[in-house]
Amino acid sequence: MDFLMSGLAACGACVFTNPLEVVKTRMQLQGELQAPGTYQRHYRNVFHAFFTIGKVDGLAALQKGLAPALFYQFLMNGIRLGTYGLAETRGYLHTAEGTLSPFRSAAAGALAGVMGAYLGSPIYMVKTHLQAQAASEIAVGHQYKHQGMFQALTEIGQKHGLVGLWRGALGGLPRVIIGSSTQLCTFSSTKDFLSQWEIFPPQSWKVALAAAMVSGIAVVLAMTPFDVASTRLYNQPTDSQGKGLMYRGIFDALLQTARTEGIFGMYKGIGASYFRLGPHTILSLFFWDQLRFLYHKYTK
């Protein structure tokens with residue numbers, strides 16, 4: 001039940017935040033490996049990107065990749081939050097004195113995130129491809145010509161086998177390890193702190209909401225460079241064997257990005273990341289916490 005509630009909570013958040021994921025993906029691919037000022041900026045900021053995509057590609061384009069995004073969120077976060085929730089319920093994250101251990105919390109968050117992200121990697125790759133697809137006048141990054149999630153997975157599987165489907169999976173793990181450990185550690189620690197100081201009434205939904213808001217800020221700052229590199233790894237063109245033509249791995253992507261685009265290149269799309277990750281973190285953790293509370297309340 002923990003896994004089901006976790007997956008449903010993440011899907012609920014995804015419906016609201018997927019348009020920001022589309023914007024974030026395109027801003028991260030804009031000017032890929034080009035020095036600042038040498039390319040045309042189709043998307044000047046988050047709000048301009050929303051307007052441009054809606055105007056040129058149509059409003060429906062703002063929900064591109066929604067199907068794989070929902071599948072990924074259910075699978076990845078069902079495993080991630082479900083595993084973490086079980087560890088928390090069984091007391092593995094607390095010290096002998098009963099206080100939350102930040103180290104155990106971060107380690108459990110990272111391990112749970114790795115499990116979910118690796119299994120869901122093919123779906124995340126296809127989601128990235130679909131969200132990057134755009135009309136030629138506003139296209140950024142490599143343009144795949146997929147017709148949908150199942151067609152894309154079938155085509156990649158037939159051409160390149162399991163290796164092709166899991167291309168970029170290892171490169172995406174540092175992003176998930178840092179993001180997941182930061183998110184769950186800061187969420188649990190802040191929630192614990194607020195409960196101890198009795199800032200809000202016991203069991204109030206405001207505790208979960210405030211903790212999720214703090215967690216969202218921490219996640220964006222820690223994860224954005226790895227998120228940029230991961231997006232580019234998944235979206236890069238491949239040779240006949242399914243091997244990437246631009247980057248050898250996550251650290252090569254980070255190095256090339258920093259070298260050609262500077263430190264700000266590693267934080268491309270941070271505005272979209274914040275507007276997307278902030279609400280997504282708040283909504284998914286809030287839904288997760290409330291679903292668990294209601295489940296335990298009415299099943300005892």
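**Cavities and a pocket: a short tour**

Hi everyone, let me start with helix 6, which gives the second largest cavity the largest share of its lining, four residues. Before I go on, please keep in mind that this is a predicted model.

So, what else is there to say about that cavity? The space inside the second largest cavity comes to about 50 Å³. Its lining is made up of Tyr72, Ala117, Ser121, Tyr124, Ala169, Gly172, Arg175, Val176, Ser230 and Tyr234. If you colour those residues by class, you get six nonpolar, three polar and one charged. Along with helix 6, helix 4 and helix 7 each bring at least two residues to this lining.

Now let's step back. How many cavities of 30 Å³ or more does the structure hold? There are two, and I'd like to turn to the largest.

The largest cavity contains about 300 Å³ of space. Its lining has 24 residues, and those nearest its centre are Gln73, Met76, Arg175, Arg276 and Leu277. You may recognise Arg175 from a moment ago, as it also lines the second largest cavity.

Which helix supplies the largest share of the lining of the largest cavity? That would be helix 3, with six residues. It has plenty of company: helix 1 (2-29), helix 3 (66-89), helix 4 (102-132), helix 6 (169-196), helix 7 (205-235) and helix 9 (270-299) each contribute at least two residues. As for the classes, you'll find nine nonpolar, 10 polar and five charged residues around this cavity.

Last stop, the pocket. In the largest pocket there is about 720 Å³ of space. It is lined by 26 residues, and if you'd like to centre your view, the closest to the middle are Glu88, Lys191, Ser195, Gln203 and Asp289.

Which helix gives the most here? For the largest pocket it is helix 9, with seven residues. Helix 3, helix 6 and helix 7 are also on the list of those giving at least two residues each. The lining of the largest pocket splits into 10 nonpolar, eight polar and eight charged residues.

To recap who leads where: helix 3 for the largest cavity, helix 6 for the second largest cavity, and helix 9 for the largest pocket. Thanks for listening, and I'm happy to go back to any of these on the screen.

Conventions:
Residues are numbered from 1 along each chain as its sequence is written. This is a predicted model: local features need pLDDT of at least 70, side-chain atom pairs count only at pLDDT 80 or more; totals for chains, interfaces and linings use all residues. Side-chain values use heavy atoms; hydrogens and water are left out. On a 1 Å grid over the protein atoms alone, a cavity is a set of points where a 1.4 Å probe fits but cannot get out, and a pocket is an open set with protein on both sides within 12 Å along at least five of seven lines; lining residues have an atom within 4 Å of a point. Grid points are joined across faces, edges and corners, and a volume is the space filled by probe spheres set on the points. Ala, Val, Leu, Ile, Met, Phe, Trp, Tyr, Cys and Pro count as nonpolar, Asp, Glu, Lys and Arg as charged, and the others, Gly among them, as polar.
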